[in-house]
Amino acid sequence: MKAKNELGLILFPAFDWAISPTHPEREERLLYTQDQLLEEGIEDVEGIHFFNPLIATKKDIDRVHFCYPSSEKLLTESHLIAAGGVMRAFDAVLGGETDKSFALVRPPGHHAQRVVYGDRGFCIVNIEAVGLAYARQKYGDMRVAVVDTDCHHGDGTEDIYWNDPDTLYISFHQDGRTLYPGTGPIEDLGGPSAFGYNVNIPLPPNTGDEGFQYVLENTVLPILEDYKPDLIINSAGQDNHYTDPLTNMNFSAQGYARLNSRLNPDIAVLEGGYSIQGALPYVNTGIILAMAGLDYSDVVEPDYHLGKWKQSGRVAREVERIAEDVLNIWKQRETLGRKLFEGKSSVKRNRRVYYDTAGILETQVQEYRICPDCPGVDSIRSQNDRGASLFGITVPRKACPACQKKGYDLFEQEKGYTGKVFLQDLTRDEFFSE
Amino acid sequence: MGGTNIDGVALDERGIIRQVKRPVDRSDYFNSIWNCIKELLLGVKKEEIKRIQLSTTISTNAIVENRISKTGVILQRGPGLKWDFDIPGGCIADVTGSVDHRGIPVSSESADEFSKIKEDFLNNSVEAVAVVGKFSTRNPDFEKRAAGYLQNNFKEITMGHTVSGKLNFPRRVRTSYLNAAVHSTFKSFAKNIEESLKREGITAPVYILKADGGTIDLEGATAKPVETILSGPAASLMGMTALLNEKNTDRCLLDIGGTTTDIFFLVDGVSVFEPSGIEIGGHKTLVRAIYSTSIGLGGDSHVRIEEGKLKIGPERMDHAIAFGGKYLTPTDALVYLGDAKAEYPSESAAALESMAEEIRLTPAEFAGMIIDNFCRSVRETVENTLKKINSRPVYTIRELLDGRSVKPRSIGVIGGPAKAISKYLEREFGMPIEYPENHEIANAIGAALARPTVEINLLADTDREILSIPETGVYEKIDKRYDLKEAKERALKEAKLAGHAMGISSAVSETEITEASSFNMVKGYRADKNIRVKAQIKPGLVAGI
C-alpha cells in the first residue's frame, strides 16, 4: 500500500504522564489509538513516516505566552514534548521531508491563551501556536489558516491570533451557551489589524455529519479560497464524535475523514477528544488515511448506524442560517471594521478568564494600538484572584521601527511597578521579563 | 547453509573438533545437510553428541522458489484499511464479523460462511489453510471456530494468533499464510532428519536457528516453520559474537563478502532487532529477526572508471584478477598495497596500473583511492543506518528524554578481505577494529552456539477479566484485582515454561521483562486496569569458545 501524499506522523502517547490518575487526560488516552494503528499496519504503508517529537525550549514557549511566574515553573516535560511534537510536524512539511504531517500528541493546547497562570481545559501551552511561531522564525513569514474542528471553542488560539492578519482562525464548535468554555460567538471577529480574521462558527447541539459538511462547503472553503493561505493547519480535536462523554454532537469517523479530505490541511494536530475507546482509534485512523490520500471508506466505528446519528431538520436549518451569517460577515469585514475603528488610536478589551483545571480567575485589559504602517504593538494588563499580576507587551513580527521602539518604551515604563513585566519582541525573536 | 555452500562445525568444550565445507545440491537440500552432518560426526561417539543445530534454507527456498502448498486464507478483516494480499497460487476468502481493539466481539460470522468456503477450497484443491482475524491476538475465538470447522479437511491450519502476539494484521496474515504454505515442505524435511538420525542411532535433540539468532526445537519448528526463514544473517552475527573478544558493548559488525557487506549492530552485546519482523520475497512478516542491512560492496566488486570517475560495485563480475578473474576489484587494490596475498600478482598489478593511467594517478594513489572509497561508502551506510535506528519512535517521556541510542565504540569484521582492509577501516571510522580467526566458518559456529529464545506478549484486562498470552495459547479468566506484579510474575513463568519445553535448563537466569505497563481504564466511577507485559528469553550463546 502506498500513500498518495507522503505523510509524517508524530505519534507520542506519553504513556508515562497524566494530569491525575483518573483525569480524562491520562496515560490511557492514546493507548487504543496506538493499538488500532499498529493492528491496521499503518507503519508498513509506504510513504507514511514516523517521527519523534522535538523538545520545545523556554524560548519556543515565550514566543507565544506570558507565563506566570515563568515558563520553566509552569510547564512540565510533557508540555514541552507535546509542543515539540507540533514543531516537528512543521519541520516535516516546511523542511520538505513530507507533504503533510499529523501530530498525535498530548496534552492538547487550544485553550491556552497568551497569559498563562495555569491549566485551563487540560491545556497550559498552545501547542499549535508554539509550532507556528517556531516555523515562522525558522522558515519565514507565511499566511496561515488554522481550522479548529474541536468541539470546544479554541479560546486560547483565538486570543493569540486576535490581532494577527497573517493568521486566519476558523473554529467550528458546539455553541458556547451549551458548552465549556462558553465563548466563540459569531460577533467576536478580531482586533483592529485583523478584523474579520477570527471566524467563529457556533453550531447547535446534535449537529451531525451533514451539518459539518454543509458548513465546510458553504462557509469555510469559500473563506479559505478568499484568504489564500500558504499553509492550512487543522486543530483536529475529536470530541464532536457521537460517543464523546463531554459534548453533545453527532459527528462520525467517516465525517471527520471526509472533512479532513475536503479541507486538505498541510498539518493536523490532535486537540481534545476523550472517547478514547469508541472514537479516537477510528477518527485518528480516518484522518491519517484521508491525509495520506488513501481509501478511508471502511473506517467505521463498531456501533455506528447511519440512521441513528442523522441530524434533525431543525438542526439542519439552524446550521444553514449560521453558515450564511458567518459568510456574510466575512464578506463585509472591511466595511464593518472601518466603522468600528476609524479615527481611533487604540482599542481596549476587557476580559475575564477562568482556569477550570487550576481554579484561577483572571481579569485582564488588552490594548491594541492602531498603526497605519504595521499591525501595531499590543499589551495586556492582567491580575488574578490569587494576587498575581503581570503586564505583557507584544511587538509583532511585522512591527514598524516606531512600534518596536514603543514596545521597549512601554517595558521601561512598566518596570518597577507591581507584578511581572514581559516583552515579546518578535521582530528580533527576543524576550525579556522583569 | 547458504545459497552455494554449506558449512559445518563440530564443537566440544575445548573448541572446534572438525569443520566441513560442501557445495549445496539445489535439487536435494536434505542430502546436502545430511551428508554434512555425517562427515562432521565421523569418529564422534554417538552417545556423546549433545545436540545438533541447523541453520537451514529449507523454508526460505520453498518460499522464494514458490515450492509451497496451495494455500487458502480466510480473513475476518473488520473495518479499517483495505490491504491487498499477494497469495501466490492460493485463494482468499472473507468472512463477516469483527472484534474491536480490546478483543470485544462486535459481530460474528455465520456457520454457513465456513461451509461455503470449505467447499470452494476443496474444489480448488487447497491443501493448507490460514485463518486470521483482525485483533485475533486479543480474541482468537473466530480463528478457533474456523479451525475447528475445517480441521479434518486440510493438512495444515495455521491460526493467526499463534504466529505472534504482536499487533499488525497485514503482517499476521502474511506470516500465517507463509507458515501454512511451507508447513508440508518443512515437515517432510524434519521427518527425514529424525528418521535418518534414528537410523544412525543418534538420540541428540535437533534445534533450528531462527532469524532472531535464537533456536527452536524441531517439534516447535515443525509447528511454526515460518520461524526458520532467513536465519543466515543471524548465523553470521551469532558467530561473530562468539569469535570476537569484546563483549557487552555497543559495536558495529561487518561481514565483508565477495559481492556485499552486511552490517549489524550490537547494543550492550545484544543484537538490534527489526522493529516488526523480517521481509521475505516481498512479504512483510511478524517473524522476529535481527536487524541487518546490506551494501553492494565486497572484495570482488567491479571497479571501473565511468566518465572520469571511480565506480565500485554494486555488481560482482567475477573473482578478483589476483585470483584468476577478469575484472579489477578492491581485492586487487589490497594486493597492490601489499595488504593481501595473490595467486596472480603481476596480472593484478598490470590491470590496476593501466586503469590508474586512465585517470592520471600513480598506481599506488589509485589503489589507495579505491580502498578509501570503499571504506567511506561503508562508513556512510553505517552512519545513515545508525541514524535510522536511533530515530525509531518512542512512546514515553522517559525514553524520549534519556533514550538509549546505539553508539558503537568499536567495529568487528569478518569475511575474506577482513584482515587486509581492517587498518583502512580503522582509519576511516576512527575506532578500534577487531577481526577474529576462523572467520570463514563464523556462520556455522553461530548456528552451533545459539540457544533457544522465547518472546511472549501478555495482556490483562481487568474490565473484561481476561488474561491473554497468544504465544503460549493462554486465554483465561482473571480476577478484578489482578495487578502488574502478578502479570510480571506470570509472564516470567510462562517464558520459563516455554523455555523448559524447548530444553533450556539455564532459562531461569536468562528470562527478562522487556516492557511492562499498567493503564487505568476509567469507566464512570470504576477504574479497571489494562496491563501489558513483554517477556523474553533473550538470544545469546550457549557458551563462548
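**Where chains A and B meet, and how each is built**

In this predicted model, 38 residues of chain A are in contact with 35 residues of chain B. On the chain B side, four elements each chip in at least two residues: helix H5 (169-200), helix H11 (397-402), strand S25 (511-523) and strand S26 (526-537). The largest share comes from S25(B), with 5 residues. Sorted by class, the side of chain B that touches chain A turns out to have 18 nonpolar residues, along with 10 polar and 7 charged ones.

Now for chain B on its own. Its domain assignment splits into domain 1 (71-170), domain 2 (245-436) and domain 3 (452-537). Between the C-alpha centres of domain 1 of chain B and domain 2 of chain B there is a distance of 44 Å.

Chain A can be described from its secondary structure upwards. It has 12 helices and 16 strands. For 434 residues the globule rule gives 22 Å, and the radius of gyration of chain A is close to that at 21 Å, so chain A is as compact as a globular protein of that length. Taken along the principal axes, the box filled by its C-alpha atoms is roughly 60 × 45 × 40 Å.

What share of the 434 residues in chain A is buried? The figure comes to 59%. The contacts in chain A add to the picture: of those with a separation of 6 or more, 72% link residues that sit 24 or more positions apart.

Methods: Residues are numbered from 1 along each chain as its sequence is written. Chains are lettered from A and ligands numbered from 1 in the order in which they are written. This is a predicted model: local features need pLDDT of at least 70, side-chain atom pairs count only at pLDDT 80 or more; totals for chains, interfaces and linings use all residues. The radius of gyration is taken over C-alpha atoms; the globule rule is 2.2 Å times the number of residues to the power 0.38. A residue is buried if 20 or more other C-beta atoms lie within 10 Å of its own, exposed if 12 or fewer, and partly exposed in between; C-beta atoms are placed from the backbone. Two residues are in contact if their C-beta atoms, placed from the backbone, lie within 7 Å. Ala, Val, Leu, Ile, Met, Phe, Trp, Tyr, Cys and Pro count as nonpolar, Asp, Glu, Lys and Arg as charged, and the others, Gly among them, as polar. Domain bounds come from an automatic or database domain assignment.
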